[in-house]
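Colleague: I would like a close look at one part of this model, the packing of two helices and the pocket beside that topic. Please take me through it in one go.

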Amino acid sequence: MKLVVFDCDGTLVDSQHLIVAAMDRAFNGRGLPPPPRLKTLSVVGLSLTIAVERLLPAATDAALIHALAEDYKAAFGDLRRDPANTEPMYPGMRDLVLELAAREDTVLGIATGKSRRGVATVLAREQIGEAFRTVQTADTHPSKPDPSMIFEAMADSGASAHDTILIGDTTYDVEMALAAGAGAIGVAWGYHPVSELKAAGAGHVVASSAELRQVVSHFLSGGQLSV
């Protein structure tokens with residue numbers, strides 16, 4: 001049995017506008033200058049508290065970090081409830097998920113810094129929740145790149161590290177997969193540059209869902225990943 005694990009933000013769905021807007025609200029609400037857009041996007045994938053901490057000066061008080069994280073969650077929830085704001089799936093990704101889920105030799109999972117509630121909202125909206133046998137979130141795991149989420153996904157599915165790949169858009173995803181002994185495919189449409197994904201050790205970096213389909217199919221048929 002093969003296990004294909006997807007990151008969520010920046011890989012399955014484009015949530016950058018909501019993430020940046022929510023972070024800006026959180027910082028503004030505390031009278032702090034919001035981080036530059038690219039800096040906010042650079043920490044997407046990390047657990048929220050760690051992400052916020054990296055956006056602040058060193059030695060920032062832990063209470064402020066926690067307060068900003070809570071402010072961010074509240075702001076993100078408010079923004080997501082506005083029908084004008086969406087987290088659209090990237091082109092072709094919904095179809096790819098459903099195709100892979102229909103295979104008898106493949107199990108799908110999610111490993112994300114997003115909250116379980118946030119993931120559930122996305123999966124319900126896109127009607128793809130049943131496609132994923134295992135969903136691992138920052139609610140119950142250490143932040144990426146700790147391999148805990150991949151280990152748990154493998155335990156849930158009965159797959160070995162050799163038969164597991166992680167698809168993600170950040171170096172945190174790649175490092176997490178490699179730390180678990182699994183393979184990693186980077187996607188070029190997310191929040192970290194292609195050069196950084198390759199430097200982190202991604203076995204392949206794809207530019208479209210069509211290319212991703214080819215690379216994953218090659219892996220599922222017993223092929224090896226290569227840059």
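Modeller: What follows covers a helix pair, then the pockets, then two backbone details.

The model is predicted. Two packed helices are described by the angle between their axes and the distance between the axes. Here the pair is helix α1, residues 16-29, and helix α4, residues 62-81. They pack at an angle of about 130°, and their axes lie 8 Å apart. Angles of 65 to 115 degrees count as roughly perpendicular and those over 145 as roughly antiparallel; α1 and α4 are therefore oblique to each other. The crossing of α1 past α4 is right-handed.

On the α1 side, the residues in contact are Leu18, Ile19, Ala21, Ala22, Met23, Arg25, Ala26 and Phe27. They meet Leu68, Asp71, Tyr72, Ala75, Phe76, Asp78 and Leu79 of α4. By class, this contact of α1 with α4 holds twelve nonpolar residues, three charged ones and no polar ones.

Helix α4 also takes part in the largest pocket, where it gives ten residues, the largest share of the lining. The volume of this pocket is about 730 Å³. It is lined by 32 residues, and Leu48, Tyr72, Lys73, Gly113 and Ser115 are the closest to its centre. Tyr72 thus has two entries in this account: it is among the α4 residues that meet α1, and it is among those closest to the centre of the largest pocket. At least two lining residues come from each of α1, α3 (48-54), α4 and α6 (116-126). The lining of the largest pocket divides into twelve nonpolar, eleven polar and nine charged residues.

The second largest pocket has a volume of about 180 Å³. Among its 16 lining residues, His162, Gly183, Phe219, Gln224 and Leu225 are the closest to the centre. Strands β4 (164-168) and β5 (183-187) each supply at least two residues of this lining. Its make-up is seven nonpolar, eight polar and one charged.

Two backbone details remain. Most residues other than glycine have a negative phi, and most peptide bonds are trans. Ala59, in the loop between α3 and α4, has a positive phi, near 65°. The peptide bond from Lys144 to Pro145 is cis, with omega near 10°. Pro145 sits in the loop between β3 (134-137) and α7 (148-157).

Note on methods
Residues numbered from 1 in each chain as written. Predicted model: local features only at pLDDT ≥ 70, side-chain atom pairs only at ≥ 80, totals over all residues. Heavy atoms only, no water. Axes fitted to C-alpha atoms, helices over the stretch in contact; angles between N-to-C directions. Helix = DSSP H or I, 4+ residues; strand = E, 2+ residues; numbered from the N terminus. Parallel < 35°, antiparallel > 145°, perpendicular 65-115°, else oblique. Left-handed = near helix turned anticlockwise from the far one by under 90°. Contact = heavy atoms within 4.5 Å. Nonpolar A, V, L, I, M, F, W, Y, C, P; charged D, E, K, R; others polar. 1 Å grid on protein atoms, 1.4 Å probe; cavity = no way out; pocket = protein on both sides within 12 Å on 5 of 7 lines; lining within 4 Å. Points joined across faces, edges and corners; volume = space filled by probe spheres on them.
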